[in-house]
Amino acid sequence: MFKEIRIKFLRYTLIVIYFIVILICAVELNFLRLFGYSPSQKDIKFPALSVSSEVYTADSVLIGKYYRENRTPVNFNEIDSNVIHALVATEDVRFYQHSGVDVYSLISGLASTAQGDKRGASTITQQLAKNLYRTRLNKSQGFIGKIPLIGTLESKFKEWLTAFKLESNYSKNDIITMYLNTVPFGNNTFGINTAAKHYFNKPVSKISLDEAAILIGMLKATSTYNPVRNPDKSVERRNVVLAQMMKYHYISKNQYQKAIAAPLKLSLGKDNGKNEGDSYLRSAVAKWLEKWCEDNGYNLYEDGLKIYTTIDSKLQKYAEEAVHEQMKTLQNRFYNVWGNEEPWRDSKGNVIPNFAENNVQKLPWYPALKRKYKNEPDSLNAFLNRPKKMTVFSWDGDKDVEFSTLDSIEYYAKILNTGMMSLDPFSGKIKVWVGGDDHTYFQYDHVNQSKRQAGSTFKPFAYLTALESGMSPCDQFVDQPVKITYQDHGKTEVWEPKNASWNFTYQKMSLRWAMGKSVNSITAQVTEKVGWDNIVKYAHLCGIDSELKSVPSVSLGSNDVSVYEMVKAYATFLNKGKKVEPILVDKITDQDGNLIEEFKPTMKQVISKEMAWLMLYMFRGGMEEPGGTSQALWEWDLWKKNNQIGGKTGTSSDYVDGWYMGITKDLVTGVWVGADDRSVHFKTSETGEGSRTALPIFGKFMEKVYQDPSTGISEGPFPKPDVPISRNYNCPSPRLSVDSLQIDSLTLDSLITPIEDLKKDSLTNEQPIQP
């Protein structure tokens, strides 16, 4: 059809145009899958940008981020003008004249390349097309794209087409904004705002001229001109950018000279190239939102959500400080107790042989190592015993050491860990979440992942069951030997719990006194009278979700439960008998603050208000009854304004687990302390019971909270009952001649330690009980 056109120039021009149109259609349609992916009109209008989600405390303090590409987009008017001018002057001086592809620069670049001077000719719009739609990735290429040189031309052609599409759909300001929100700046930092926060700890709207030049200079080669790794080259490149800005009249000569004379001053912010704020709390929020994201079609790592948790930043800070102070003391105490002895012991106190060798076999990479050294046991042992440089956790900061694999297993086995959670039961909002010592080294969360024997902190469910059966806090039992025969899977078993003193007082004690002093023999009698099946029933009713083995010892905490469950169950008592399902996230918004979801806790009345109030009264017995196991709290400044605290200590067999559950008028807090391997523990009650390991964390925490009025949490008594109390509860116990701190163990309980012995204990600061 072109033969009819007699003018050759016109004919050939039309042929070229015709084949260009055919080529464009073929590329756009991915004809025969030769050309691969090309952005559609819908893709152009609605570009998919991977944006990090941010996690905040309830009072809007940034906790961390989730991202595949660490990015926080900004609008054009939030970008300092120096950044815009530096970018145009350096990367695309004709940006405001061309329509996506700069033909003049393209021809000039080809001519320079032919003369041996390689010069880029890509416009800002073309670079945006490449960054936004990944036009050069393998998955974007078809068959032709895999042919050397031809593939490069194909990718370039698609970039041109995409650039024209972008220019026809967006303003110049929109394009430059999208570009600056997509470009990488090294260290998994994407976008100009994230880069400004990372390198200068300020938003892009606040950066100076020389700082803008540093960032734009990095675009040529993020590693080469990284101001952290290569400060001299970064400054050299900055000066080139500033020279370009002066050349094209964006800055004056005076501004140029002042800027190049400025020293490089970095102020590295928190955007450090990792999933920012990687912590127990951040991980817990991700797990908490898993189902919500799946049900609602959101991607936590790409959709730019703003997640506002229920955590109070001040309370969280005080909790972390209390944990750090006490755990450092406990770790030193543990080292002093064991000295050069090996602390991994069986139930009879014997050293467990081949402890490290047995544990290394549980590591995920061990099977592959064993296959590598198959039939070469000496080589395998040599590998495991070969010292190598590594950094390990310590309470004095990261420590550089030379350890073998087996050395590191033994080192970490001796480290004590902790879990702590604090809940406002009235709102259902979790205020504090401390999952362990340090998430960098110990990813296992000791709030909701770890489950350990609860010890005597489980006893209150036995006393609740007693109240529900018709007893009152004043009902009395005798502290005497108990022998309970029961059936376990068809086998007859006998349970004879002992008190910690290995003797019995044969004294009558009220239920409140017995619970406050944590007397095993009376708890066992209560268990026999009300039935262990019923204790399991009420524990589940209050909020314990774990499976509980229904045996007589259930009341002494022989089952494994989490800190999260215990706090939730204890909250039922403060919340007037309503069980609450705690929430960790308050609301979720998009980047612009538009509400996406708001979360509300579910509550259910599971015990009466009267029973709940009576249980709070029972909990106060730990402080108020003779020999109460919470009385170590007198050491801290917690007792202004007629303050009342209820609580329960707990210690499992052999001092493996130390617990404290504390209740104030505002909060319910649970603390667990112990080593991750149950064979590693303290030797004696004086060093390892709950009142000496976990309780001090609660005491330190509440003292810090009370000393800061801005937290909104103050001292004060528990609320008075708002329903009639039909049970007798006013029955003061006789005062003992000597009150003291108490041992509170699953198997041994209620040992009265003379005050003189307490004063000799150099490993704790606990004080004699005040009357």
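In the hairpin built from strands S12 and S13, two residues sit between the strands, and His 489 takes a positive phi near 55°. The model is a predicted one, and this hairpin is a handy place to start. S12 covers residues 484-488 and S13 covers residues 491-495; the two run antiparallel and are joined by five bridges. Within this pairing, Thr 485 has Val 494 in S13 as its bridge partner.

Salt bridges come next. A search of the whole structure turns up 25 of them. One of these joins Lys 683 to Glu 341, with the closest N and O atoms 2.8 Å apart. Lys 683 sits in the loop between strand S22 (668-675) and helix H25 (685-688), while Glu 341 sits in the loop between H13 and H14, so the pair ties together parts that are 342 residues apart in sequence. Lys 683 is partly exposed, at 36% relative accessible area, and Glu 341 is also partly exposed, at 37%.

Glu 341 has another partner to deal with: its side chain makes a polar contact with the side chain of Arg 345, at 3.4 Å. Arg 345 belongs to the loop between helix H13 (313-338) and helix H14 (355-360). With a relative accessibility of 14%, Arg 345 counts as buried, since the cut-off for that label is under 20%. The Arg 345 side chain also reaches the backbone oxygen of Glu 342, at 2.6 Å. Leaving aside residues up to four places away in sequence, Arg 345 touches Trp 338, Asn 350, Val 351, Ile 352 and Ser 679.

A buried salt bridge turns up elsewhere, where the side chains of Asp 657 and Arg 452 meet at 2.9 Å, N to O. This pair links distant parts of the chain, with Asp 657 in strand S21 (residues 657-663) and Arg 452 in strand S10 (residues 452-453), 205 residues apart. Asp 657 counts as buried at 1% relative accessibility, and Arg 452 is buried too, at 4%.

The side chains of Asp 637 and Lys 640 also form a salt bridge, at 3.4 Å from N to O. Here Asp 637 is partly exposed, with a relative accessible area of 31%, and Lys 640 is partly exposed at 46%. Elsewhere, Lys 317, Glu 321, Glu 325 and Lys 704 are linked in a network of salt bridges.

Finally, the surface carries a nonpolar patch formed by Ile 7, Phe 9 and Leu 10, which together have about 350 Å² of accessible area. Phe 9 lies in helix H1 (residues 8-29) and, at 67% relative accessibility, counts as exposed.

Methods:
Residues are numbered from 1 along each chain as its sequence is written. This is a predicted model: local features need pLDDT of at least 70, side-chain atom pairs count only at pLDDT 80 or more; totals for chains, interfaces and linings use all residues. Side-chain values use heavy atoms; hydrogens and water are left out. Patches are made of residues with over 30% relative accessible area and no salt bridge: like charges are joined within 9 Å, nonpolar side chains (Val, Leu, Ile, Met, Phe, Trp, Tyr) within 5 Å. Accessible areas come from the Shrake-Rupley method with a 1.4 Å probe; for residues, only the protein chains shown count as cover. A salt bridge is a side-chain nitrogen of Lys or Arg within 4 Å of a carboxyl oxygen of Asp or Glu. Helices (H or I, at least four residues) and strands (E, at least two) are DSSP runs, numbered from the N terminus. Buried means under 20% relative accessible area, exposed over 50%, partly exposed in between (1.4 Å probe, protein chains only). A polar contact is a pair of N or O atoms within 3.5 Å; within protein, one must be able to donate a hydrogen and the other to accept it, and residues adjacent in sequence count only if both atoms are side-chain atoms. Contact means heavy atoms within 4.5 Å. Two strands pair if DSSP finds at least two bridges between them.
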